Amino acid sequence: MKIVILAGGGGTRLFPLSRECYPKQFLHVIGDKSLLAQTVERFLGLVETKDIIVVTNEKYIFHVKAELKSINAENAHIIVEPTGRNTASAIALAQVYCKDKLKCTEDEVLFISPSDHLIKPVDKFQSLIKEAEATAKKGNIVTLGIKPTKPETGYGYIEAVKDKENKAVKVISFKEKPDLKTAKEYLNAGNYFWNSGMFMFSIKTMQDEFKTFTPEITEIVAKGYDYTVENFSQMPNISIDYAVAEKSQKMMMMPMQDIYWNDIGSFDAIAEVLSDENNNAFIGDTLTENCKDTMIIGEDRLIAGIDLENLVIVDTPDALLVTKKGQSQKVKDVVNKLKQANRKEAKENVTMYRSWGKYTLLTEGKDYRVRKVEMNPGGSLTMQMHYHRSEHWTVISGTGKITVDDKESIFTENQSTYIPMGVKHKLENPGKILLVIIEVQSGKYINDDDIVIFK
């Protein structure tokens, strides 16, 4: 069995924590580890790390590598989607990778999992997967359903045959996210389940269903993994639900009984996990008095709350969100407005991660910008030049190697260097510890597109 974890999604419902540059699968909001790291660990013991495939895109590959390294799972495979094409094409790409690169047979069973859900206890979840594997080997596509606990309008639903004797039951239909009246009807009916987005099938079974329902996918993947990567932009932008699950006669569902599931898809979902006996959840430096049914998430600065009720407050260095509990699904509407206005807050964070490390914006104004740059050991920038700005670097800790034109020099703590505009330069960390510098940019045009890269 191979585990395929889909980790390419951007997400908009956890703004301002989650941004286009740093989606929710990398957040450390539930526990000390990211949701992606927790997802990978959930399958360890069930399979080896070499049997785990993470599908992501180019923007997030260094995030994925860092999270895998943090849990000693570097042996997991990483597949990079050349462009976003939704879950059906991502699954097809993973499937052809398993056949071509991992030499899997058509009988190999794949389990498809999102990268950003919370599931516990792990042992019961793993036992359910083992049971589902037996059903998948019989030529079925198995999906895991969640028994609804409330009339939720934020999830899709699975209508299943009522059959108390068998754990795997036939799927009747998939339903879109309902309105409240319909959600209540689903809850009362007793045979509707939340759609978890998890699927299990053999390679052959899904190949046959792709051929029947989405032949345009089959035409491309039939020519192999490398061809599929090169022509991935021609793949349909469609979910596995629309492409196969809603049409297939091979769909079976297994309920996740006695297993807690939360898709961490909104701040209300986070509050459900973290709230105390007063339905409060406070993260960060907070000071509260007489608050109830309230969640406050902060970072570095103190947040004081008095007589708050039924609120969600999320504070980041560049954006503050305040909403009523129960309304956090509307956060995506705010993000859409930010995108329409071309606001950088929709895409960027104050801290931006790169393959070599990260940088944090400290302050900016007319004709200047100050950033804290943290470069990993062995990290390096490309040789580059700026036409409209100069840069002044001061080392806070570690050792840096700077190349200005063709001259190399080493600078250490409390030492600084100046790079005039129009001069080629390159920064490296040749040491064994993190290099931290303060970078001051000054000029009449200070944007990241003012860069010429030399290879």
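What follows is a chat between a colleague and a modeller about a predicted model.

Colleague: Let's start with strand E10. What makes E10 (residues 251-255) count as largely enclosed by the rest of the structure?

Modeller: Buried means under 20% relative accessible area. Five of the five residues of E10 meet that mark, so the strand is largely enclosed by the rest of the structure.

Colleague: Which residues cover which face of E10?

Modeller: Met251, Met253 and Pro255 sit on one side, Met252 and Met254 on the other, and all of them are buried. That fits the general pattern: in a regular strand the side chains alternate between the two faces of the sheet.

Colleague: How do you know that E10 pairs with strand E6 (residues 141-146)?

Modeller: Two strands pair if there are at least two bridges between them. E6 and E10 are joined by five bridges, and they run parallel, so they count as a pair by that definition. Leu144, for instance, stands opposite Met254 in E10.

Colleague: And what makes E8 and E10 a pair?

Modeller: The cut-off is at least two bridges, and E8 and E10 have two bridges, in the antiparallel sense. Lys170 has Met252 as its bridge partner in E10.

Colleague: On to the open sheet. What is its strand order?

Modeller: The six strands come in the order E18-E19-E20-E27-E22-E25, with antiparallel pairing. From one strand to the next, the twist averages 20°.

Colleague: Why are strand E18 (351-354) and strand E25 (416-419) said to stand at the edges?

Modeller: Each has a single partner strand, so one side of each is left without a neighbour in the sheet.

Colleague: How many bridges hold strand E22 (residues 389-397) to strand E27 (residues 435-443)?

Modeller: Eight, in the antiparallel sense. Pairing takes at least two, so E22 and E27 qualify. Within that pair, Val395 stands opposite Ile437 in E27.

Colleague: Now helix H11 (residues 331-340). How do you know that its buried residues are on the same side?

Modeller: The buried residues of H11 are Val331, Val335 and Leu338. They cover an arc of only 55° around the axis, which puts them on the same side of H11. Lys337 and Gln340 are exposed on the other side.

Colleague: What covers the buried residues of H11?

Modeller: Strand E17 (320-324) is included in that cover. E17 also turns up at helix H10 (residues 267-274): the buried residues of H10 pack against strand E11 (260-262), E14, strand E16 (311-315) and E17. Those buried residues are Phe267, Ala269, Ile270 and Ala271.

Colleague: Why is Lys103 called exposed?

Modeller: Exposed means over 50% relative accessible area. Lys103 has 65% relative accessibility, so it counts as exposed. Lys103 is in the loop between helix H3 (86-100) and strand E4 (109-114).

Colleague: What makes the phi of Lys103 worth flagging?

Modeller: Most residues other than glycine have a negative phi. Lys103 is not a glycine, yet its phi is positive, near 60°. Asp293 also has a positive phi, about 50°, and just after H11, Asn342 takes one of about 55°.

Colleague: Why is Asp293 called partly exposed?

Modeller: Partly exposed falls between the 20% and 50% cut-offs. Asp293 has a relative accessible area of 25%, so it lands in that range. Asp293 lies in the loop between strand E13 (286-289) and strand E14 (295-297).

Colleague: Which peptide bonds are cis?

Modeller: Among them are the bond joining Phe15 and Pro16, with omega about 10°, and the bond joining Lys120 and Pro121, with omega about 0°. Most peptide bonds are trans. Pro16 is in the loop between strand E1 (2-6) and helix H1 (35-43), and Pro121 is in the loop between strand E5 (118-120) and helix H4 (122-136).

Colleague: Last one: what lines the largest pocket?

Modeller: The lining has 50 residues, of which Arg13, Asn86, Thr87, Ser239 and Asp241 lie nearest the centre. Elements giving two or more residues to the lining include H3, E4 and strand E8 (169-175). The volume of the largest pocket is about 1500 Å³.

Definitions and conventions:
Residues numbered from 1 in each chain as written. Predicted model: local features only at pLDDT ≥ 70, side-chain atom pairs only at ≥ 80, totals over all residues. Heavy atoms only, no water. Helix = DSSP H or I, 4+ residues; strand = E, 2+ residues; numbered from the N terminus. Buried < 20%, exposed > 50% of the residue type's maximum accessible area, 1.4 Å probe, protein only. Axes fitted to C-alpha atoms, helices over the stretch in contact; angles between N-to-C directions. Arc of directions from axis to C-beta. Contact = heavy atoms within 4.5 Å. 1 Å grid on protein atoms, 1.4 Å probe; cavity = no way out; pocket = protein on both sides within 12 Å on 5 of 7 lines; lining within 4 Å. Points joined across faces, edges and corners; volume = space filled by probe spheres on them.
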